[in-house]
Amino acid sequence: MRLILLGPPGAGKGTQAAAIVARFAIPQLSTGEMLRAAVAAGTQVGREAKAIMERGELVPDAVVNRIVDERLDVADAARGFVLDGYPRTPPQAEALDAMLARRGKRLDAVIEFVVDAERLVDRIVGRAAEARAAGKPVRKDDDPEVFKTRLGAYRADTAALTPRYEAAGLLKRVDGMASIEAVGRQITSILDSALTARS
Ligand code: AMP
């Protein structure tokens with residue numbers, strides 16, 4: 001199963017990715033997580049990305065594309081993957097198409113989380129408060145002001161991807177404002193249909 005989860009920050013992509021990972025035993029490829037790991041490790045990529053991420057802006061396409069291309073070669077991605085937070089721009093979507101074509105693979109579905117952007121700020125504030133209460137590190141970009149920049153980047157760059165995947169017949173939509181369980185059920189039904197379509 002090869003999937004893309006598409007939606008603004010705070011839409012619930014990471015939460016739902018975890019359930020899909022468990023069902024199909026495939027990895028979640030979160031470029032945000034990979035970049036945060038690079039920042040923590042102080043690698044060249046991390047040094048390039050740190051300030052950009054703290055501002056809530058997008059890391060250059062070439063940097064992110066290279067990370068994903070390398071990650072797709074790790075053995076656990078051979079059976080499939082859930083992309084969470086990638087692609088985020090039209091050039092990234094083109095790069096992904098090329099990466100998959102080179103490997104003779106195709107996407108099974110692109111799931112768009114349809115959300116009420118105004119209510120996402122509350123979710124982000126909640127996520128920061130939960131992390132703080134659990135004694136976990138709070139992401140610097142889970143801050144209401146930075147969040148506005150992140151949402152702006154989604155609207156300016158990432159929203160342009162939906163017509164592309166719709167035209168390819170891959171786009172499926174879920175109501176991202178529903179409960180975690182209800183969104184999970186919608187995704188299960190989409191994935192069941194994708195499996196049937198393949199067999
Ligand atoms: P996320 O965890 O997906 O919210 O990503 C956190 C931050 O990492 C984003 O605000 C961007 O700065 C950066 N980032 C993650 N994925 C990408 C991507 N595909 N393209 C550009 N920047 C990204």
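Modeller: Let's start with a term: a salt bridge is a side-chain nitrogen of Lys or Arg within 4 Å of a carboxyl oxygen of Asp or Glu. Keep in mind that this is a predicted model.

Biologist: Thanks! What makes Arg103 and Asp73 a salt bridge?

Modeller: Their closest N and O atoms are 3.0 Å apart, and the cut-off is 4 Å, so the pair qualifies. Arg103 lies in the loop between α5 (90-102) and β4 (109-114) and Asp73 in the loop between α4 (61-72) and β3 (81-84), so the bridge ties together parts that are 30 residues apart in sequence.

Biologist: Why is Asp73 called exposed?

Modeller: Its relative accessibility is 57%, and exposed means over 50%, so Asp73 earns the word.

Biologist: And why is Arg103 called partly exposed?

Modeller: Arg103 has a relative accessible area of 25%. Buried would need a value under 20% and exposed one over 50%, so Arg103 falls in between.

Biologist: How do you know that Arg164 and Glu94 form a salt bridge?

Modeller: Their N to O distance is 3.9 Å, and the limit is 4 Å, so this pair counts too. Arg164 sits in helix α8 (residues 161-167) and Glu94 in helix α5, so the bridge ties together parts that are 70 residues apart in sequence.

Biologist: What ties helix α9 to helix α1?

Modeller: That is the salt bridge between Asp192 and Arg23, at 2.6 Å from N to O. Asp192 belongs to helix α9 (residues 180-198) and Arg23 to helix α1 (residues 13-24), so the pair ties together parts that are 169 residues apart in sequence.

Biologist: How many salt bridges does the structure hold?

Modeller: It holds 18 salt bridges. Some form a network, which links Arg127, Arg139, Asp141, Asp142 and Arg150.

Biologist: Now to Arg2, in strand β1 (residues 2-6). Why is Arg2 said to have no salt bridge?

Modeller: The nearest side chain of opposite charge, Asp108, is 4.7 Å away. A salt bridge has to be within 4 Å, so Arg2 has none, although it is buried.

Biologist: What lies 2.7 Å from a polar atom of the side chain of Arg2?

Modeller: The backbone oxygen of Arg106 does. Residues that Arg2 touches also include Gly80, Phe81 and Leu107.

Biologist: One last thing: how many cavities of 30 Å³ or more are there?

Modeller: There is one, with a volume of about 60 Å³. Leu5, Leu6, Tyr154 and Thr158 are among the residues lining this cavity, and the elements giving two or more residues to the lining are β1 and α7 (144-158).

Key. Residues numbered from 1 in each chain as written. Predicted model: local features only at pLDDT ≥ 70, side-chain atom pairs only at ≥ 80, totals over all residues. Heavy atoms only, no water. Helix = DSSP H or I, 4+ residues; strand = E, 2+ residues; numbered from the N terminus. Buried < 20%, exposed > 50% of the residue type's maximum accessible area, 1.4 Å probe, protein only. Lys, Arg positive; Asp, Glu negative; His and termini not counted. Polar contact = N/O pair within 3.5 Å; in protein donor to acceptor, adjacent residues only side chain to side chain. Contact = heavy atoms within 4.5 Å. 1 Å grid on protein atoms, 1.4 Å probe; cavity = no way out; pocket = protein on both sides within 12 Å on 5 of 7 lines; lining within 4 Å. Points joined across faces, edges and corners; volume = space filled by probe spheres on them. Lists of a residue's contacts leave out its neighbours within four places in sequence.
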